[in-house]
Amino acid sequence: MELDISTNVEITDELWVPLALGLPHLEILDASWVYGMSNYKLSLLLQNSCRLRKLCIDGHKEISEDVFRRMVLGVPFPPYRIRSAQYAPRLQYVSLQYCNDIDDSTMMDIVQVCRGSFTVKNYYGDDFCVGG
């Protein structure tokens with residue numbers, strides 16, 4: 001299932017919560033430039049849409065890399081970390097262009113832990129992937 005809600009005026013809690021909880025088969029979402037996005041709302045989606053493969057959230061200045069940290073489990077030392085099987089387990093690609101509050105080094109670290117199963121497009125449109 002694919003959904004494009006990009007450039008909608010605003011996604012309120014009243015709209016987002018049922019969306020995040022009610023679309024378990026969602027595979028592709030473009031929520032770029034939607035007003036009212038937050039780490040909490042995005043986290044709800046990543047927790048409940050376990051089939052999500054591609055996510056575009058370009059232009060969200062209030063999103064930080066914290067929402068993606070739960071994709072990695074284990075201690076902060078590389079050999080002992082693995083990708084979560086519960087939180088965004090199938091997410092392969094996320095576009096974060098023009099997202100001001102995303103720390104590239106943290107996202108690169110998450111990409112490394114995911115060992116080739118996850119690619120990130122950063123603020124400037126550069127792809128972070130293993131070997132890339």
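This passage looks at a pair of helices and at a cavity in a predicted model.

The helix pair comes up early in the chain numbering, with α1 covering residues 13-22 and α2 covering residues 39-48. Their axes come within 8 Å and cross at roughly 15°. Angles under 35 degrees count as roughly parallel, and α1 and α2 are therefore roughly parallel to each other. As for handedness, the α1 and α2 crossing is right-handed. On the α1 side, the residues that meet α2 are Asp13, Trp16, Val17, Ala20 and Leu21. Facing them from α2 are Lys41, Leu42, Leu44, Leu45 and Asn48. Sorted by class, this α1 and α2 contact has 7 nonpolar residues, along with 1 polar and 2 charged ones.

Then there is the matter of empty space inside the model. Searching the whole structure turns up 1 cavity of 30 Å³ or more. The largest cavity has a volume of about 40 Å³. Its lining is made up of Leu96, Cys99, Ile102, Asp104, Met107, Val120, Asn122, Tyr123 and Phe128. By class, the lining of the largest cavity splits into 7 nonpolar residues, 1 polar and 1 charged. Asp104 is the charged one in that lining, and Asn122 is the polar one.

How values were computed:
Residues numbered from 1 in each chain as written. Predicted model: local features only at pLDDT ≥ 70, side-chain atom pairs only at ≥ 80, totals over all residues. Heavy atoms only, no water. Axes fitted to C-alpha atoms, helices over the stretch in contact; angles between N-to-C directions. Helix = DSSP H or I, 4+ residues; strand = E, 2+ residues; numbered from the N terminus. Parallel < 35°, antiparallel > 145°, perpendicular 65-115°, else oblique. Left-handed = near helix turned anticlockwise from the far one by under 90°. Contact = heavy atoms within 4.5 Å. 1 Å grid on protein atoms, 1.4 Å probe; cavity = no way out; pocket = protein on both sides within 12 Å on 5 of 7 lines; lining within 4 Å. Points joined across faces, edges and corners; volume = space filled by probe spheres on them.
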